[in-house]
Amino acid sequence: MRNVQSIKYILLMLKRSLYIVINILVIIVVVYSTFYLCLQGYNFCYGIYGPVVVEEAPGQDIVFEVRDGDSMADVSKRLMDEGIISDKYAFYIRTKLMDTDKTILKAGVYTLNTSMDYGTIINQITFKE
């Protein structure tokens, strides 16, 4: 009888210990996930509103062409592919937050620099009506 009670007590303590460990792990995962999501959100917002550049001045000049019929999404993708910007989504959203009814892409060939921020690039490849 004493042996059975000892085993039940040990199992009960093991169950409680496991419960505590699982709760601690869940809390760690929730805290880490919250921190990670906040950090990603901050970096994304900084990419939209901050002075983001691919590299510090003097940078590297890259010839870039905006073709007739290109959308801003196409241009954003190509700018990132060519290494002129670091985040096509942040760049695209920044252009959408501007007065988009009056901002139109100018077809042409541009010399853009990797040390230009998003605002400077947008001002070069667009014109306002």
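**Before the views.** Buried here means under 20% relative accessible area, exposed means over 50%, and partly exposed is anything in between. Keep that in mind as you go, and remember that this is a predicted model.

**View 1. Arg-78 and Asp-70 meet in a salt bridge.** The model has two salt bridges, and here the N to O distance is 2.8 Å. Arg-78 has a relative accessible area of 16%, so it counts as buried. Asp-70 comes out at 17%, so that residue is buried as well.

**View 2. Lys-77 pairs up with Asp-81 in a salt bridge.** The closest N and O atoms sit 3.0 Å apart. Both residues belong to helix α2, and they are four residues apart, about one turn of the helix. Is Asp-81 buried or exposed? Asp-81 is exposed, at 54% relative accessible area, while Lys-77, at 42%, is partly exposed.

**View 3. Here is the largest nonpolar core, with 20 residues.** Nonpolar side chains tend to be buried together in soluble globular proteins. Leu-79, Ile-84, Phe-91, Leu-112, Ile-121 and Ile-125 have the most contacts inside this core. At least two core residues come from each of β1 (61-66), α2 (72-81), α3, β3 (108-113) and α4 (118-125). Which of these gives the most? That would be α4, with four residues.

**View 4. Now zoom in on Leu-112 and its contacts.** Setting aside neighbours within four places in sequence, Leu-112 touches several residues, including Leu-79, Ile-84, Ile-121 and Ile-125. Also among its contacts are Gln-60, Asp-61, Ile-62, Phe-64 and Gln-124.

**View 5. Thr-95 is tucked into helix α3, which covers residues 88-97.** Thr-95 is buried, with just 4% relative accessible area. What does its side chain have for company? A polar atom of the Thr-95 side chain lies 2.5 Å from the backbone oxygen of Tyr-92.

**View 6. A nonpolar patch shows up on the surface.** Tyr-19, Ile-20, Val-21, Ile-24, Leu-25 and Ile-28 make up this patch, and together they have about 610 Å² of accessible area. Val-21 is part of helix α1 (residues 2-49), and Ile-24 is found in α1 too. Val-21 is partly exposed at 44% relative accessibility, and Ile-24 is partly exposed at 45%.

**View 7. Pull back to see Ile-24 and Val-63 together.** How far apart are these two residues in space? From C-alpha to C-alpha they are 54 Å apart, with their positions 39 residues apart in sequence counted as separation.

Technical notes
Residues are numbered from 1 along each chain as its sequence is written. This is a predicted model: local features need pLDDT of at least 70, side-chain atom pairs count only at pLDDT 80 or more; totals for chains, interfaces and linings use all residues. Side-chain values use heavy atoms; hydrogens and water are left out. Buried means under 20% relative accessible area, exposed over 50%, partly exposed in between (1.4 Å probe, protein chains only). A polar contact is a pair of N or O atoms within 3.5 Å; within protein, one must be able to donate a hydrogen and the other to accept it, and residues adjacent in sequence count only if both atoms are side-chain atoms. A nonpolar core is a set of buried Ala, Val, Leu, Ile, Met, Phe, Trp, Tyr and Cys residues joined through side-chain atoms within 4.5 Å. Contact means heavy atoms within 4.5 Å. Patches are made of residues with over 30% relative accessible area and no salt bridge: like charges are joined within 9 Å, nonpolar side chains (Val, Leu, Ile, Met, Phe, Trp, Tyr) within 5 Å. Accessible areas come from the Shrake-Rupley method with a 1.4 Å probe; for residues, only the protein chains shown count as cover. A salt bridge is a side-chain nitrogen of Lys or Arg within 4 Å of a carboxyl oxygen of Asp or Glu.
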